[in-house]
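The following paragraphs offer a guided reading of a single model. Please keep the sequence and the three-dimensional view at hand while following them.

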Amino acid sequence: DISYRQLNLAPRVASLEVLDPGEIVVPSGFNPASDVFEPAHPNRQGIFNPLRSSGRRDERRRKNLWKKGFRTITWDVEDPNGDDLGYELFFQREGDDTWLPMADELEEDAYSFDATVLPDGVYRFKLRALDREPDDLEPALSVEEISGPVRIDHTPPTVIQSTRTAKGFDVVVGDSLNPLRRVEVSVDAEAWRPIDPRDGMLHGV
């Protein structure tokens with residue numbers, strides 16, 4: 001007879017993604033007629049309002065919906081030993097050196113939060129995944145992954161300059177964080193119609 005103890009291995013992060021602004025993840029069986037996803041009270045840091053479901057669904061299949069002002073972080077973590085995993089999230093604003101706590105004791109693979117509490121700027125998010133052997137004889141092993149830069153922009157584009165000319169108006173519009181995608185104009189309260197920039201390109205100023 002040979003007895004052995006399996007070596008505990010650290011988990012591995014397969015992916016870490018921050019979804020588009022307003023995009024949230026809900027169970028595939030979510031029904032707006034009977035289920036509600038509303039902001040819960042701020043977490044223990046008192047900063048972020050996460051989303052919580054009124055139902056008690058435990059579904060692996062998900063679908064994406066939209067909720068204004070919210071951002072969602074999703075991840076896929078694998079553990080070679082099949083251990084149960086817990087997650088912690090941190091955030092850092094570009095130019096700062098300190099990682100600030102965002103949420104801990106997470107068990108799911110997605111986290112939706114109210115991003116309107118963050119000032120405009122460029123941020124990165126860090127995921128820490130921890131496992132623990134069932135008998136707790138060894139300390140938990142962990143792995144960390146940092147997201148790419150994420151722009152948080154609550155400020156709409158602005159009119160920087162408007163000059164009357166013989167043929168009409170020269171107008172300069174811009175956005176400090178994001179490139180412009182579309183410019184529209186309405187004349188004499190008629191329907192809005194898109195217009196092309198003078199140089200043929202839309203870009204941030």
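Arg128 has a relative accessible area of 24%, so this residue is classed as partly exposed, a class that lies between the limits of 20% and 50%. The model is a predicted one, and the values given here are to be read in that light. The side chain of Arg128 meets that of Glu88 in a salt bridge, with 3.1 Å from N to O. This pair links distant parts of the chain, since Glu88 belongs to strand β7 (residues 85–93) and Arg128 to strand β10 (residues 121–131), 40 residues apart.

Strand β10 takes part in a second contact of this kind. Lys126 forms a salt bridge with Glu144, and their closest N and O atoms are 3.8 Å apart. Because Lys126 lies in strand β10 and Glu144 in strand β11 (residues 141–146), the pair ties together parts that are 18 residues apart in sequence. How do the two partners stand with respect to the surface, buried or partly exposed? Lys126 counts as buried because its relative accessibility is 9%, under the 20% limit. Glu144, at 39% relative accessibility, counts as partly exposed. The two pairs do not stand alone: Glu88, Lys126, Arg128 and Glu144 are linked in a network of salt bridges.

Lys126 also provides a way into the loop that follows strand β11. Ser147 lies in the loop between β11 and β12, and its C-alpha atom is separated from that of Lys126 by 6.2 Å, although the two residues are 21 residues apart along the chain. Ser147 counts as buried because its relative accessibility is 5%.

The whole structure holds four salt bridges. One of them joins Glu184 to Arg182, with the closest N and O atoms 2.6 Å apart. Glu184 is partly exposed, at 36% relative accessibility. Arg182 has a relative accessible area of 55% and is therefore exposed, the limit for that class being over 50%.

Arg182 leads on to the largest pocket. Which residues lie nearest the centre of the largest pocket? They are Pro157, Val173, Leu180, Arg182 and Val183, out of a lining of 46 residues. The space in this pocket comes to about 1,500 Å³. In general, such empty space is revealed by rolling a probe the size of a water molecule over the atoms. Several strands each supply at least two residues of the lining: β6 (70–78), β12 (150–152), β13 (158–164), β14 (169–174) and β15 (184–185). The largest share, five residues, comes from β14. By residue type, the lining divides into 24 nonpolar, 13 charged and nine polar residues.

Strand β14 is also the place of Val171. Together with Val159 and Phe169, Val171 makes a nonpolar surface patch of about 310 Å². Val171 counts as partly exposed because its relative accessibility is 47%; this value satisfies the requirement of over 30% for membership of a patch.

Two further residues deserve attention for their backbone geometry. In general, most residues other than glycine have a negative phi. Glu105, which is not a glycine, has a positive phi of about 55 degrees. This residue is found in strand β8 (residues 100–106), and its relative accessibility of 64% is why it counts as exposed. Asp188 likewise has a positive phi of about 55 degrees without being a glycine. Its place is in the loop between β15 and β16 (193–194). At 70% relative accessibility, Asp188 counts as exposed.

A last stop lies earlier in the sequence, at Ser28, in the loop between β2 (23–27) and β3 (37–39). Which class of exposure applies to Ser28? Its relative accessible area is 31%, so Ser28 is partly exposed. The C-alpha atoms of Ser28 and Asn64 are 8.5 Å apart in space, while the residues themselves are 36 residues apart in sequence.

Methods
Residues numbered from 1 in each chain as written. Predicted model: local features only at pLDDT ≥ 70, side-chain atom pairs only at ≥ 80, totals over all residues. Heavy atoms only, no water. 1 Å grid on protein atoms, 1.4 Å probe; cavity = no way out; pocket = protein on both sides within 12 Å on 5 of 7 lines; lining within 4 Å. Points joined across faces, edges and corners; volume = space filled by probe spheres on them. Helix = DSSP H or I, 4+ residues; strand = E, 2+ residues; numbered from the N terminus. Nonpolar A, V, L, I, M, F, W, Y, C, P; charged D, E, K, R; others polar. Patch = residues over 30% accessible without salt bridge, like charges linked within 9 Å, V, L, I, M, F, W, Y side chains within 5 Å. Areas by Shrake-Rupley, 256 points an atom, 1.4 Å probe, with all protein chains shown as cover. Buried < 20%, exposed > 50% of the residue type's maximum accessible area, 1.4 Å probe, protein only.
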